[in-house]
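Colleague: Hi, could you walk me through this model? I'd like to start with the odd backbone spots and then move on to the domains.

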Amino acid sequence: MKLAKDVYLSDGRVLLLAGFIIKSRYIRKLELFNIPFVYITEEEPVALTEFSEERVYAEAFNTIKSVMTSVREGKELDIAAVKDTVDDIVHKVINNETVFMQLTGIRDIDNYTFLHSVDVCIYSVITGKKLGLNKEELNDLGIGAVLHDIGKCKVPNEILLKPGKLTDEEFNIMKLHTVYGHEIVSNTPGLNKKIANIACQHHEKWDGSGYPLGISKYQIDKFARIVTAADIYDALTADRIYRKRDMPHMAAEYIVANSSILIDPEIASIFIKNITVYPEGAIVLLNTGEIGSVIEANKNMSLRPKVRIIARKEGPPVLEPYTVDLMHDLDVFIIDILS
Ligand SMILES: [Fe+2]
């Protein structure tokens, strides 16, 4: 279904714009903001194409959800399903790495771990492609990334889902998900050592301050170093129940600040150029109160895109949309993503 009218929040902010196709994640958003109904146009519903990125994303989510659920129940890891879904992601990314960027970063609390696993996979594969990995390597990297937290299936739910801060003892048990993950991957036929290393080493840090081994720099497998960057970035930019997500430029600052401390500097630099971007079509709020749609990322200044202004938070409506180029107007910046 397509929205016939803009959807506003009670404080006047625009949540969704007329013309948007209503996707399941928008419905969750509408529920979150207690919006009881919306107006829709009477056009025929638009069918998803067979191999659309939304379908690939949805399948990846379903695969990792069923894999983690069955491993938690003591069953074997269905590696064929994981390989198929990662192969689709790699295929899409090889053809166009920005393709998934409008789907990542959306979270609901029940599915946090599964959505996080898919996003970490997508960011890792894009970074790996930019680092020059071949298709086979990208597939291993993607499988390791989507399974990086598989060891959490062996951590008791009381600890995993505890709403408050973990005690030292609980945190020590939580840290063991890396060791459990290594064990699960190593015991699964068809998965290699590089994939097991990702499960084991994705919390190791460049300066040696991570866990479980406290290894540093090039002692850490390159694929695990990529997944670490993706894991950190995704945790910062996704909405959590207790914390509003960071904007891409804020997360980018964190990655720059931790380059050569927590994160491999080469990977941090590739990450900043390619992942920390505002996706085309994102509806953003500027510090000027103008609301617009990102129309084009500026080369080498991915955090300062061109924005087509369509509304204002306050004041008169925008009758004639106009473009603001954040590369030229350096006093203007994005303060929120509305949709
Ligand atoms: Fe983890």
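Modeller: Happy to. Serine 260 is a good place to start, found in the loop between α11 and α12. Helices here are DSSP runs (H or I, at least four residues; strands are E, at least two), numbered from the N terminus.

Colleague: And how was the model made, and what are the ground rules?

Modeller: This is a predicted model, where local features need pLDDT of at least 70 and side-chain atom pairs count only at pLDDT 80 or more, while totals for chains, interfaces and linings use all residues. Residues are numbered from 1 along each chain as its sequence is written, and side-chain values use heavy atoms, with hydrogens and water left out.

Colleague: Back to serine 260, then. What is its phi?

Modeller: Phi of serine 260 is near 70°, a positive value in a residue that is not glycine. Most residues other than glycine have a negative phi, and most peptide bonds are trans.

Colleague: Is serine 260 buried or exposed?

Modeller: In between: serine 260 is partly exposed, because its relative accessible area is 41%. The cut-offs are under 20% for buried and over 50% for exposed, with partly exposed in between (1.4 Å probe, protein chains only).

Colleague: What other backbone oddities should I look at?

Modeller: Try the loop between α9 and α10, where lysine 217 is found. Lysine 217 has a positive phi of about 40° although it is not a glycine, and its relative accessible area of 43% makes it partly exposed. Proline 212 also has its place in that loop, and the peptide bond to it from tyrosine 211 is cis, with omega near 10°.

Colleague: While we're in that loop, what does the side chain of aspartate 221 make a polar contact with?

Modeller: With the side chain of lysine 194, at 3.3 Å. A polar contact is a pair of N or O atoms within 3.5 Å; within protein, one must be able to donate a hydrogen and the other to accept it, and residues adjacent in sequence count only if both atoms are side-chain atoms. Aspartate 221 counts as buried because its relative accessibility is 12%. Leaving aside neighbours within four places in sequence, aspartate 221 is in contact (heavy atoms within 4.5 Å) with Lys194, Asn197 and Gln201.

Colleague: Nice. Changing topic: how many salt bridges are there?

Modeller: The count comes to 6, taking a salt bridge as a side-chain nitrogen of Lys or Arg within 4 Å of a carboxyl oxygen of Asp or Glu. One of them joins aspartate 87 and lysine 135 (2.9 Å, N to O). That pair links distant parts of the chain, with aspartate 87 in helix α3 (residues 79-95) and lysine 135 in helix α5, 48 residues apart.

Colleague: Which salt bridge has buried partners?

Modeller: Aspartate 149 and lysine 152 are both buried, and their side chains meet in a salt bridge at 3.3 Å, N to O.

Colleague: Now the domains. Where do they fall?

Modeller: The assignment gives domain 1 (1-47), domain 2 (53-274) and domain 3 (280-339); such bounds come from an automatic or database domain assignment. The C-alpha centres of domain 2 and domain 3 lie 31 Å apart. Their contact takes 9 residues from domain 2 and 7 residues from domain 3.

Colleague: How much area is buried between domain 2 and domain 3?

Modeller: About 670 Å², of which carbon and sulfur atoms give 58%. Buried area is the accessible area (1.4 Å probe) that two parts lose on being put together, summed over both. Across that interface the rule finds 0 salt bridges. Residue pairs in polar contact between domain 2 and domain 3 also number 0, with both residues at pLDDT 80 or more.

Colleague: Which elements of domain 2 give two or more residues to that side?

Modeller: α11 (248-257) and α12 (265-274), and α11 gives the most, with 3 residues.

Colleague: And which residues of α12 are buried?

Modeller: Ile267, Ala268, Ile270, Phe271 and Ile272. At the N-terminal end of α12, aspartate 264 acts as a cap, with a side-chain oxygen 2.9 Å from the backbone nitrogen of glutamate 266. Leucine 131, in the loop between α4 (112-130) and α5 (135-146), has contacts that include Glu266, Ile267 and Ile270.
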